[in-house]
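Let's look at a protein structure together, one question at a time. Keep the picture open as you read.

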Amino acid sequence: MVHSSCLVFLLCIWFPLKTVCNEENTAEEENTVPLLRDFSVNISPAFINITWNCNITTSMENYTYKVNIGNDVYDEELTVANCCYVHEVFYEMLFTLHKGVSVQLFVYNLLNEKVNTGKAETYLPEGKNYTAAENFSCVIYNVDIMNCSWSVGREAPEDTQYSLTFRRSSVHDKCQDYRYDSFGRQVGCVLRKPDISFNGKVYVEVSGLSKQTSVQFFDALYCPIDDVILDPPRNITLTYNGDDLEIKWQKPITHDNKHETCFFYNINITHKEETKIEESERNVYKITKFLPNEKVTVTMRAKWHKRCSHNHEWSAWSKPQTIGDDLVQFTIYHLLIVIGVCTAIILSVLIFLCYRFKIWNKLFPQVPRPSKKLFDQVQQNEKSVQKESDMEIKFMEKDEGEFICTDVIEMPENL
């Protein structure tokens, strides 16, 4: 009994001592496991750059170093001998870099047990606070025209110039057509046919430069399809099949080819209630209870299905399409054609009447030409007059100097 009691006593003492020793050894191990020296983090658009001192000791090679980014969003293992680690952000970013990133270093032993922990710190990008672009937004219309805008940071200097870039891995699409504010700062951009896919997300950054101070950048993981403004349905045709009206159309043109089930449609028919079509794979809709050849006007619009886009705004209405009544619907082009045809007919009739009844000769009679006999007589008269004139001149020349004064008559003074 004594031996049993002693054994129990020794066991009771040994287990607590073992636990205390294990705790002391663990604490000692945590204190002796070195962290990476000169650990630093630099935040730039689309990248998180982590560096440390390359003076690696032999004891550090027996441990695994991992870095936690963004409060357990990413947990990446570091290759200690590389002295740096670069984390690219393009598709799966769950936070924005311009607001800062939390980074913490962990050390694990060969049993994958955490033996040391670095201090969790939030690292901010370089630049003066509140100088980054704000209120970024885009609108996409006419299939592939992207109109983006932003406002100048509250503390940004007057000489700040912003530049817009879309990134998809190694593909960069930079803006070339900027819009400016009253200070000449770039606050908007129009991209025509951007080299990005609307099916997924793209990384967008707005960087700033100033001669007065360093400017922070703005970044976001952007989904273009959420800002696409749809065009109305195309090629709408109306057909009567007995008392049924059949409406056919084609889906709106989009940047990337989308299935028919990505669209909702709204049909507006004169004298009828609006009809909303949730899904239509064949893009055909039939309406009954119409009078034969009844005049009907139809317009349509479209919007995204929630499975394809978060934009639930309706497009504009399409141009009205009319069927029935068999009345000619005159347009300005028809009117010009009618005026041209009527003018040609009137001119043809007037020309025929003038030719038939010689109206032109009556309105504008010709001056009669003198007869040849009269013309000859005039010439003879002119010749006779000329002959007499020549005779008088000869007579005067012959009698010159032979005049003799025979009578002198004295004129009275009172005349």
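**Bridges, rings and a surface patch**

The structure holds 4 disulfides, a disulfide being a pair of cysteine sulfur atoms within 2.5 Å. This is a predicted model, where local features need pLDDT of at least 70 and side-chain atom pairs count only at pLDDT 80 or more, while totals for chains, interfaces and linings use all residues. Residues are numbered from 1 along each chain as its sequence is written, and side-chain values use heavy atoms, with hydrogens and water left out.

Q: Is the disulfide of Cys-138 and Cys-148 right-handed or left-handed?
A: A disulfide joins these two cysteines, Cys-138 and Cys-148, with 2.0 Å from S to S. The pair links distant parts of the chain, 10 residues apart: Cys-138 is in strand β9 (residues 134-141) and Cys-148 in strand β10 (residues 145-151). Strands (E, at least two residues) and helices (H or I, at least four) are DSSP runs, numbered from the N terminus. The torsion about the S-S bond of Cys-138 and Cys-148 is about 105 degrees, so the disulfide is right-handed.

Q: Is the disulfide of Cys-262 and Cys-308 right-handed or left-handed?
A: The sulfur atoms of Cys-262 and Cys-308 are 2.0 Å apart. Cys-262 lies in the loop between β18 (244-250) and β19, and Cys-308 in the loop between β22 and β23 (321-323), so the pair ties together parts that are 46 residues apart in sequence. The torsion about the S-S bond of Cys-262 and Cys-308 is about -70 degrees, so this disulfide is left-handed.

Q: Why is the sulfur of Cys-84 not in a bond with the closest cysteine sulfur, and in which residue is that sulfur?
A: A disulfide is a covalent bond between the sulfur atoms of two cysteines. The sulfur of Cys-84 is 7.1 Å from the closest cysteine sulfur, which is too far for a bond. That closest sulfur is in Cys-83.

Q: Is Glu-205 buried or exposed?
A: Glu-205 forms a salt bridge with Arg-167, their closest N and O atoms being 2.4 Å apart. A salt bridge is a side-chain nitrogen of Lys or Arg within 4 Å of a carboxyl oxygen of Asp or Glu. On the accessibility scale, buried means under 20% relative accessible area, exposed over 50%, and partly exposed in between (1.4 Å probe, protein chains only). By that scale Arg-167 is buried, and Glu-205 is also buried.

Q: Is Arg-192 buried or exposed?
A: Asp-177 forms a salt bridge with Arg-192, with 3.1 Å between the closest N and O atoms. Asp-177 lies in the loop between β12 and β13 and Arg-192 in strand β14, so the pair ties together parts that are 15 residues apart in sequence. Asp-177 counts as partly exposed at 32% relative accessibility. Arg-192, at 54%, counts as exposed.

Q: Which residue forms a salt bridge with Arg-185?
A: Arg-185 is buried, with a relative accessible area of 10%. The closest N and O atoms of its salt bridge are 3.0 Å apart. The residue on the other side is Asp-181.

Q: How many residues apart in sequence are the parts that Phe-263 and Trp-304 tie together?
A: Rings of Phe, Tyr and Trp (its six-membered ring) pair if their centres lie within 6.5 Å; planes under 30 degrees apart count as stacked, over 60 as edge-to-face and the rest as tilted. By this rule the count comes to 7 aromatic pairs. Phe-263 and Trp-304 form a stacked pair, 5.2 Å centre to centre with 25 degrees between the planes. Phe-263 lies in strand β19 (residues 263-269) and Trp-304 in strand β22 (residues 296-304), so the parts tied together are apart by 41 residues.

Q: Which helix gives the most to the nonpolar patch?
A: The patch on the surface includes Ile-337, Val-341 and Phe-352, and its residues have about 730 Å² of accessible area together (Shrake-Rupley method, 1.4 Å probe, only the protein chains shown counting as cover). Patches are made of residues with over 30% relative accessible area and no salt bridge: like charges are joined within 9 Å, nonpolar side chains (Val, Leu, Ile, Met, Phe, Trp, Tyr) within 5 Å. With 7 residues, the helix that gives the most is α2 (residues 332-357).
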